[in-house]
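Here is a short note for a colleague who is opening this structure for the first time. Please read the points with the sequence and the model side by side.

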Amino acid sequence: MVIAIGFEGSANKLGVGIVQDENILSNVRHTYITPPGEGFLPRETAQHHREQVLGILQKALDDAKLTLNDIDVVCYTKGPGMGAPLIVTALVARTIAQMYNKPIVAVNHCIGHIEMGRLITGSTNPTVLYVSGGNTQIIAYSQQKYRIFGETIDIAVGNCLDRFARLLKLLNDPSPGYNIEQLAKKGKKFVPLPYIVKGMDVSFSGILSYIEEHLSSWFDSKEFTSEDLCFSLQETVFAMLIEITERAMAHVKSSEVLIVGGVGCNERLQDMMQVMCKERNAILYATDERFCIDNGVMIAVAGLLQYKSQGHTPWMDTTCIQRYRTDDVHVSWRK
């Protein structure tokens, strides 16, 4: 039995999770929430992580009924993510590894989402739709790499939703995407928006620009409500994502889809994907907000797989990389 602790802090969620092999012992998270209409900046987000990390670490240890002496391996997010917040959790992980003489493993954030999703859902070899505030990718495994079949060519879908929420001055608590989802359920009229799929890739910035350009006239004329816009944006961007997911499934002859990342919590996205999967006789796997949203457990799960197959990360490589692609990682634990 090997016990791993994972530290995640690549954006505004700070998480510490502990696993014992495939058993989750604790999963503690704290979110940095900004006022309506504002995003989160690197310096302030890092400050939040510094203030909260020791309390969250203690809570995770208490929930697992363990001490740091009981931990076998320390795992942390190497990237991708925002530089300043990444450094905070890396520093804590490195300090603990040194103080308690534990091996350390640097984990790719995206791989963390995938491996935890596979563990939680029991999916074997799915086509993965990875959708979050910073990343949008269609991924499938081949020859010890997670290959990217399609991705956003500008901003991530979660970033698109966040920035749209700012235009409408929606609350950031519990998250902009969740508040959009609730308003969308009351939308009655569909607003035609740009639909931008380029081969296997998608683009979201033009949709945002189009909304920004027309927003005041829509509201002045009372042609569309905020609820209509939330509904229309979700329907449009999710349809784009499902189109490229289905094309990737056809290419790799896959019969499983796994949705991971913060946007993967969205029930409308899951419902739309379920329709496509039924038409293809495929199985949809998804998780709830405990595991979709960034968390420490996913870093512990992926880090432990990495540790068991290739050992710890050399000390000089325990750095942070803001741009760390999913397909840069050697997936040594899969055959």
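In which helix is the place of D162?

1. The model is a predicted one. D162 belongs to helix α4, which covers residues 157-167. Beyond its neighbours within four places in sequence, D162 is in contact with P176 and G177.

2. D162 also appears in an annotation. The unreviewed UniProt entry lists Y130, V131, S132, G133, G134, D162, G177, E181 and N266 under "binding site". G177 is thus both a listed position and a contact of D162.

3. Another listed position is G133, which sits in the loop between β6 (127-131) and β7 (136-142). Is G133 buried, partly exposed or exposed? Its relative accessibility is 41%, so G133 counts as partly exposed, a class that lies between the limits of 20% and 50%. Leaving aside neighbours within four places in sequence, the contacts of G133 are A156, G158 and N159.

4. E181, also on the UniProt list, takes part in a helix contact. Two packed helices are described by the angle between their axes and the distance between the axes. For α5 (residues 176-184) and α7 (residues 226-252), the axes come within 7 Å and cross at roughly 110 degrees. Because angles of 65 to 115 degrees count as roughly perpendicular, α5 is roughly perpendicular to α7. From α5 the contact uses I180, E181, L183 and A184, and from α7 it uses E227, C230, F231 and Q234. Of these residues, five are nonpolar, one is polar and two are charged.

5. The strands on either side of the G133 loop, β6 and β7, belong to an open sheet. Five strands make up this sheet, in the order β8-β7-β6-β11-β12, and their pairing is mixed. The edges are β8 (145-151) and β12 (283-285); each has a single partner strand, so one side of each is left without a neighbour in the sheet. On average, neighbouring strands here are turned by 25 degrees against each other, direction ignored.

6. At one end of that order, β11 (residues 256-260) pairs with β12 in the parallel sense over three bridges. V257 stands opposite L284 of β12. Helix α7, already met in the contact with α5, lies across β6, β7, β8 and β11 and runs at about 155 degrees to β6.

7. There is another open sheet of five strands, in the order β3-β2-β1-β4-β5, again with mixed pairing. Which strands stand at its edges? They are β3 (23-31) and β5 (104-108); each has a single partner strand, so one side of each is left without a neighbour in the sheet. The twist from one strand to the next averages 20 degrees.

8. Within this sheet, β1 (residues 3-8) and β2 (residues 13-20) run antiparallel and are joined by six bridges. A hairpin of four residues leads from β1 to β2. I3 stands opposite Q20 of β2, and A4 stands opposite V19. Why is β2 described as largely enclosed by the rest of the structure? Seven of its eight residues are buried, so the description follows from that count.

9. On its other pairing, β2 meets β3 in the antiparallel sense, over eight bridges. The bridge partner of L14 in β3 is H30. The hairpin of β2 and β3 has two residues between the strands, and D21 in this hairpin takes a positive phi near 55 degrees.

10. Two helices should be viewed together with this sheet. Helix α2 (residues 83-99) lies across β1, β2, β4 (73-79) and β5, at about 160 degrees to β4. Helix α10 (residues 296-310) lies across β1, β2, β3, β4 and β5, at about 130 degrees to β1.

11. Helix α10 also has a helix partner, α3 (residues 109-121): their axes come within 8 Å and cross at roughly 90 degrees. This makes α3 roughly perpendicular to α10. On the α3 side the contact is made by H109, I111, G112, H113, E115, M116 and L119, and on the α10 side by V297, M298, I299, V301, A302 and L305. The residues of this contact divide into nine nonpolar, three polar and one charged.

Notes. Residues numbered from 1 in each chain as written. Predicted model: local features only at pLDDT ≥ 70, side-chain atom pairs only at ≥ 80, totals over all residues. Heavy atoms only, no water. Axes fitted to C-alpha atoms, helices over the stretch in contact; angles between N-to-C directions. Parallel < 35°, antiparallel > 145°, perpendicular 65-115°, else oblique. Contact = heavy atoms within 4.5 Å. Nonpolar A, V, L, I, M, F, W, Y, C, P; charged D, E, K, R; others polar. UniProt positions renumbered as here; feature names shortened; annotations may be inferred. Buried < 20%, exposed > 50% of the residue type's maximum accessible area, 1.4 Å probe, protein only. Pairing = 2+ DSSP bridges.
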